[in-house]
Amino acid sequence: MERISIVWLKRDLRLNDHDALSGALKTKKRVLFLYVFEDILINDQHYSKRHFDFVKESLRDMNQNLKKYKTIVCIAQGNIIKVLESISKQFIINTVHSHQETGVMVTYNRDKKLAAWCEKNKIAFREYLQLGVFRAMKNRNDWLKKWDHLMNQRIEKISFSASKFIPLKSIENFEFYLGEETLKTKTKGICQIGGSFNAHRYLNSFFNDRYINYQKHISKPDLSRKSCSRLSPYLAFGNISMRQLLQKTEYEITHGNKSFALRAFGSRLRWQSHFIQKFEMECSMEFASINKGYSQLKKTIKPSHIRAWETGNTGFPLVDAAMRCLVETGYLNFRMRSLIVSFFTHHLWQPWQACAHFLARQFLDFEPGIHYPQLQMQAGVTGINMLRIYNPVKNGQEHDPKGLFIKKWIPELNALPETLVHTPWLITSFETSIYEFELGKNYPRPIIDLEKSRKYATSTLWPMSQSPVVRKEGKRILAKHTLANRNSLMT
């Protein structure tokens with residue numbers, strides 16, 4: 001049987017700047033692209049149909065380009081090891097190439113099992129860096145140096161030809177092959193569409209003109225949808241690499257576009273890798289607060305509060321508009337993400353773990369290494385970050401003063417003037433008649449007292465932050481995760 005190399009695709013769904021593909025081609029063996037819709041992910045609480053639709057769109061995009069070389073991505077569903085065992089009936093697997101993933105615990109355990117299976121079957125298993133995240137680091141002393149080196153490497157041009165790949169006809173003969181019919185998706189409404197083609201469309205439109213208002217609109221719930229890059233889902237699923245995006249940003253800056261907006265954008269790219277590295281080094285934060293001092297913080301689950309929050313019916317317009325927008329489109333800007341988590345954990349006084357899976361399923365750009373560190377930061381359980389309890393009324397008045405974002409997602413409030421759209425509970429009986437709006441009927445009453453809940457959260461969390469255990473843990477976290485020169489990320 002022929003010896004082949006396999007490129008096992010996970011969250012690296014592109015054909016350019018792809019180290020696993022480059023490595024496979026260097027073996028001089030014919031290459032098989034493989035993607036498995038894994039049962040462990042289909043059944044995992046972090047993922048939803050919108051994620052798998054995005055993957056399917058990305059794979060269709062890849063196949064569109066691969067057909068020129070008489071090959072496509074081999075699609076399967078089930079267990080990666082069982083799929084590889086099936087391939088072994090027709091080919092000798094020389095090497096399995098994939099990127100090193102910083103994912104949830106189930107994917108880490110899967111990778112360890114695959115590595116053991118490969119070793120047992122004398123198959124080389126090669127993992128390649130993709131995000132500038134490094135394993136087995138005990139502190140951050142050398143992280144930035146390593147990250148800079150990886151991100152500044154020349155992007156290797158990959159040479160394609162039909163002779164280098166397993167042909168389509170052979171792929172169709174695999175007993176597990178699901179065919180391209182599997183990649184069909186229904187119309188998605190207004191969620192972003194996956195694939196490298198769309199990733200580069202967003203990239204180009206951002207650098208052409210959308211970046212101009214990047215800093216000005218970054219906190220605005222509606223305007224940010226255009227002025228932010230919107231590249232996060234394409235980075236999360238690897239339709240574009242961090243290296244491609246960072247080098248493009250630096251190219252624009254060095255060739256005359258020295259706007260503060262682009263420099264700010266570039267610094268945020270570095271911070272993304274910083275947070276994923278934190279998760280890589282302390283992955284237990286998927287389940288428990290990174291600061292062990294907060295393990296004593298107990299909150300009673302209130303299903304009615306959680307349901308109201310998930311469906312956008314808390315009675316607080318900006319929170320509800322943000323939640324409805326997220327559920328519908330899969331996207332919110334950073335401030336609104338912070339606000340809805342703050343409201344859930346502080347005002348509703350619910351444990352952050354109770355919203356982690358729901359939010360992961362909604363965020364089209366779900367990235368575990370961003371999700372969990374940010375979730376815990378906003379929940380105030382790190383012991384090293386300032387406690388922020390966002391006021392949804394104040395934030396609405398500052399960032400959506402005319403209530404345009406609110407009214408777009410809560411049409412029940414369309415009749416209300418600007419003076420009431422952020423605080424409909426202040427409506428008078430006279431105004432109820434004028435605007436034909438009845439609180440509790442057209443739109444729910446607030447489910448909590450905003451000021452009382454804020455005071456309770458503050459009076460509980462502040463003393464706890466001063467406890468010996470929390471302070472000791474804070475010092476440990478800073479020693480492990482803080483960069484020697486934090487300002488270097490901002491340059």
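This report walks through a five-stranded sheet, the helices that pack on it, a helix pair and two loop lysines.

The model is predicted, so to speak of local features a pLDDT of at least 70 is needed, side-chain atom pairs count only at pLDDT 80 or more, and totals for chains, interfaces and linings use all residues. Residues are numbered from 1 along each chain as its sequence is written, and side-chain values use heavy atoms, with hydrogens and water left out.

## The sheet

Let's start with the strands. Helices (H or I, at least four residues) and strands (E, at least two) are DSSP runs, numbered from the N terminus. Two strands pair if DSSP finds at least two bridges between them. On that basis, 5 strands form an open sheet in the order β3-β2-β1-β4-β5, and the pairing is parallel. At the edges are β3 (74-78) and β5, each of which pairs on one side only. From one strand to the next, the twist averages 30 degrees; angles run from 0 to 180 degrees between N-to-C directions, and axes are lines fitted to C-alpha atoms, for helices over the stretch in contact.

Here are three of the parallel pairings, with a facing residue pair for each:

| Strands | Bridges | Residues facing each other |
|---|---|---|
| β2 (residues 30-38) and β3 | 5 bridges | valine 36 and alanine 76 |
| β1 and β4 | 5 bridges | isoleucine 6 and valine 96 |
| β4 (residues 92-99) and β5 (residues 124-128) | 5 bridges | histidine 99 and tyrosine 128 |

Valine 96 also has a bridge partner in β5, phenylalanine 125.

How covered are these strands? Buried means under 20% relative accessible area, exposed over 50%, and partly exposed in between (1.4 Å probe, protein chains only). In β3, 4 of the 5 residues are buried, so this strand is largely enclosed by the rest of the structure. β4 is mostly covered, with 6 of its 8 residues buried.

## Helices on the sheet

Contact here means heavy atoms within 4.5 Å. Helix α4 (residues 80-87) packs on the sheet and touches β1 (3-9), β2, β3 and β4; its direction makes about 145 degrees with that of β2. Helix α5 packs on the sheet as well, touching β1, β2, β4 and β5, and its direction makes about 145 degrees with that of β5.

α5 (residues 105-120) also belongs to a right-handed β-α-β unit with β4 and β5. A crossover is right-handed if, with the strands pointing away from the viewer, the path from the first strand over the helix to the second runs clockwise.

## A helix pair

Further along the chain, the axes of helix α15 (residues 317-329) and helix α17 (residues 353-362) come within 8 Å and cross at roughly 55 degrees. α15 and α17 are therefore oblique to each other (under 35 degrees counts as roughly parallel, over 145 as roughly antiparallel, 65 to 115 as roughly perpendicular and the rest as oblique). Met323, Leu326 and Val327 of α15 meet Phe358, Leu359 and Gln362 of α17. This contact has 5 nonpolar residues, 1 polar and no charged (Ala, Val, Leu, Ile, Met, Phe, Trp, Tyr, Cys and Pro count as nonpolar, Asp, Glu, Lys and Arg as charged, and the others, Gly among them, as polar).

## Two loop lysines

Lysine 70 lies in the loop between α3 (49-66) and β3. Its phi is near 60 degrees, a positive value in a residue other than glycine, and at 58% relative accessibility lysine 70 counts as exposed. Lysine 122 sits in the loop between α5 and β5. Although lysine 122 is not a glycine, its phi is positive, about 55 degrees, and with a relative accessible area of 75% lysine 122 is exposed.
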